Amino acid sequence: MVTREDIDSFLIRMDLEYEEVDEGMFLVRGRNSGLPMVAHHGDAVLLIRLKVMDLPDTLEGEMELYRTLLELNATDVVHGAYGIENGELILSDTLELETLDFHELQASMESIELAASGHMEQIRTLAGVEAGS
């Protein structure tokens, strides 16, 4: 079983900028985008989450946005999936600690970062959010 200390070691090995903000909860900056991800070491799983954006209260193209997110989940997001929680659009992945290794964690974090940075402009446009908001 992968421990909190193992996760710390994996992040060092990936040469990522990070800090442990609470026991077993790491705030990690993506290597290429600098986007912040949270990696939370739980009892049996490691949860990785990246907040893409706050969703506006009203969405003009709501159906088109949701359809696009579902299509991206099916075709372009290798690890994890887009979801909505408390008015935020997030990308998240859950990894089992029992079988987790360095390469699986690295692939998951890189996939989430790549998806978020690659889809950001399209998603913001569909949500009616201006860049930099």
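This is a quick briefing on the sheet, the helices and the salt bridges of this structure.

Keep in mind that this is a predicted model: local features need pLDDT of at least 70, side-chain atom pairs count only at pLDDT 80 or more, and totals for chains, interfaces and linings use all residues. Residues are numbered from 1 along each chain as its sequence is written, and side-chain values use heavy atoms, with hydrogens and water left out.

In short, you're looking at an open sheet of six strands with antiparallel pairing, with helix 2 lying across strand 5 and strand 6, plus six salt bridges in the structure.

**The sheet**

- The strand order is 1-2-3-4-6-5; strands (E, at least two residues) and helices (H or I, at least four) are DSSP runs, numbered from the N terminus.
- Strand 1 (17–22) and strand 5 (81–85) sit at the edges with a single partner strand each, so one side of each has no neighbour in the sheet.
- Going from one strand to the next, the twist averages 30°. Axes here are lines fitted to C-alpha atoms, for helices over the stretch in contact, and angles run from 0 to 180 degrees between N-to-C directions.
- As background, strands of a sheet pair through backbone hydrogen bonds, either parallel or antiparallel.

**Pairing at the two edges**

- Strand 1 pairs with strand 2 in the antiparallel sense over five bridges; two strands count as paired if DSSP finds at least two bridges between them.
- Glu19 has Leu27 in strand 2 as its bridge partner.
- Those two strands, strand 1 and strand 2, make a hairpin with two residues between them, and Gly24 in the turn has a positive phi of about 80°.
- Over at the other edge, strand 5 and strand 6 (residues 88–96) are also antiparallel, with five bridges. Here Ile84 has Leu89 in strand 6 as its bridge partner.

**Helices on the sheet**

- Helix 2 (residues 62–75) lies across strand 5 and strand 6 and runs at about 140° to strand 5; contact means heavy atoms within 4.5 Å.
- Helix 3 (residues 102–127) lies across strand 2 (25–29), strand 3 (36–41), strand 4 (45–54), strand 5 and strand 6, at about 20° to strand 4.

**Salt bridges**

- The structure has six of them, each being a side-chain nitrogen of Lys or Arg within 4 Å of a carboxyl oxygen of Asp or Glu.
- Arg49 pairs up with Glu85, their closest N and O atoms 2.5 Å apart. This one links distant parts of the chain, with Arg49 in strand 4, Glu85 in strand 5 and 36 residues separating them.
- Arg49 is partly exposed at 26% relative accessibility, and Glu85 is partly exposed too, at 33%. The cut-offs for relative accessible area are under 20% for buried, over 50% for exposed and in between for partly exposed (1.4 Å probe, protein chains only).
- Glu88 forms a salt bridge with Lys51, at 3.5 Å between the closest N and O atoms. Glu88 is in strand 6 and Lys51 in strand 4, so this pair ties together parts 37 residues apart in sequence.
- Both ends of that bridge are partly exposed: Glu88 at 24% and Lys51 at 40%.
- Within helix 2, Arg67 and Glu71 are four residues apart, about one helical turn, and their closest N and O atoms are 3.0 Å apart in a salt bridge.
- Arg67 is exposed at 56%, whereas Glu71 is partly exposed at 38%.
- Arg4, Glu5 and Glu20 are joined into one network by salt bridges that share partners.
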